[in-house]
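Open your viewer and get ready to click through the chain with me. At each stop I will tell you what to select and what you will find there.

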Amino acid sequence: MSEYWKSNPRKFCPQCKVWITDNKLSRQFHENGKKHQEAVELQLKEARKRSAQALKDKEELGGFMESLEKKARLAVEKDGYGIKELGPDGSSSSSKKNSRDVEVVNQAIYALKKEEEKEEEKKKDKTTGLGT
């Protein structure tokens, strides 16, 4: 008999969430048991389900991105923005159109800023009580 106490090593089964004695016979007995087999099968079933769902989500996202890119490409073609072919002299045939478009965009931005400033003034007047 030994002169000191020594505990038996134990092993945790993550599928069943139980502790078993860590020796070959106990591990085999546990792993061949009905409860452990069912727990392993359930874990594999859930992993397959998560994998299938992840694949489905990825396909949906890919389809969404493709349709979004297609819509963007069509909008670019419709609006006339995008890469233009250069003429023989190296200038774009639609440079006048592009400069006019830039001017229109700048005017729209300016108008939006003015509207935002007016809205901020209205909010400030309502909070201070000085509004009309």
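Let's begin with charge pairs: the structure holds 2 salt bridges, a salt bridge being a side-chain nitrogen of Lys or Arg within 4 Å of a carboxyl oxygen of Asp or Glu. Before you zoom in, keep in mind that this is a predicted model, in which local features need pLDDT of at least 70 and side-chain atom pairs count only at pLDDT 80 or more, while totals for chains, interfaces and linings use all residues. Residues are numbered from 1 along each chain as its sequence is written, and side-chain values use heavy atoms, with hydrogens and water left out.

**Stop 1: the whole chain**

Show the chain as a cartoon and you will find 3 helices and 2 strands. Following the sequence, they come in the order β-β-α-α-α. Helices (H or I, at least four residues) and strands (E, at least two) are DSSP runs, numbered from the N terminus. Of the 132 residues, 8% count as buried. Here buried means under 20% relative accessible area, exposed means over 50%, and partly exposed lies in between (1.4 Å probe, protein chains only).

**Stop 2: Asp22 and its partners**

Select Asp22, in the loop between β2 (18-21) and α1 (24-31). Which residue meets the side chain of Asp22 in a salt bridge? It is Arg27, at 2.6 Å from N to O. Asp22 is partly exposed, because its relative accessibility is 32%; Arg27 is also partly exposed, at 26%. Now add Arg10 to the selection: its C-alpha atom is 4.6 Å from that of Asp22, although the two residues are 12 apart along the chain.

**Stop 3: the other pair**

Next, select Glu41 and Arg48, whose side chains form a salt bridge of 3.3 Å, N to O. Side chains of opposite charge can pair when their charged atoms come close. Glu41 has a relative accessible area of 45%, so it counts as partly exposed, and Arg48 is partly exposed too, at 49%.

**Stop 4: a histidine pair**

Move to His36 in helix α2. Is His36 buried or exposed? Its relative accessible area is 9%, so it is buried. Show the side chain of His30 as well, and you can draw a polar contact of 3.2 Å between the two. A polar contact is a pair of N or O atoms within 3.5 Å; within protein, one must be able to donate a hydrogen and the other to accept it, and residues adjacent in sequence count only if both atoms are side-chain atoms.

**Stop 5: a nonpolar patch**

Switch to a surface view and color Leu61, Phe64, Met65 and Leu68, which make a nonpolar patch of about 390 Å². Patches take residues with over 30% relative accessible area and no salt bridge, joining like charges within 9 Å and nonpolar side chains (Val, Leu, Ile, Met, Phe, Trp, Tyr) within 5 Å. Leu68 sits in helix α2 (residues 34-79) and is partly exposed, as its relative accessible area is 43%.

**Stop 6: charge on the surface**

Finish at helix α3 (residues 95-128), where you will find Glu121. Glu121 belongs to a negative surface patch with Glu115, Glu116, Glu117, Glu119, Glu120 and Asp125. Then select Lys118, also in helix α3. With 57% relative accessibility, Lys118 counts as exposed. It gathers with Lys114, Lys122, Lys123 and Lys126 in a surface patch of positive charge.

Key:
Accessible areas come from the Shrake-Rupley method with a 1.4 Å probe; for residues, only the protein chains shown count as cover. Lys and Arg count as positive and Asp and Glu as negative; His and the chain ends are not counted. The place of a charge is taken as NZ of Lys, CZ of Arg, CG of Asp or CD of Glu.
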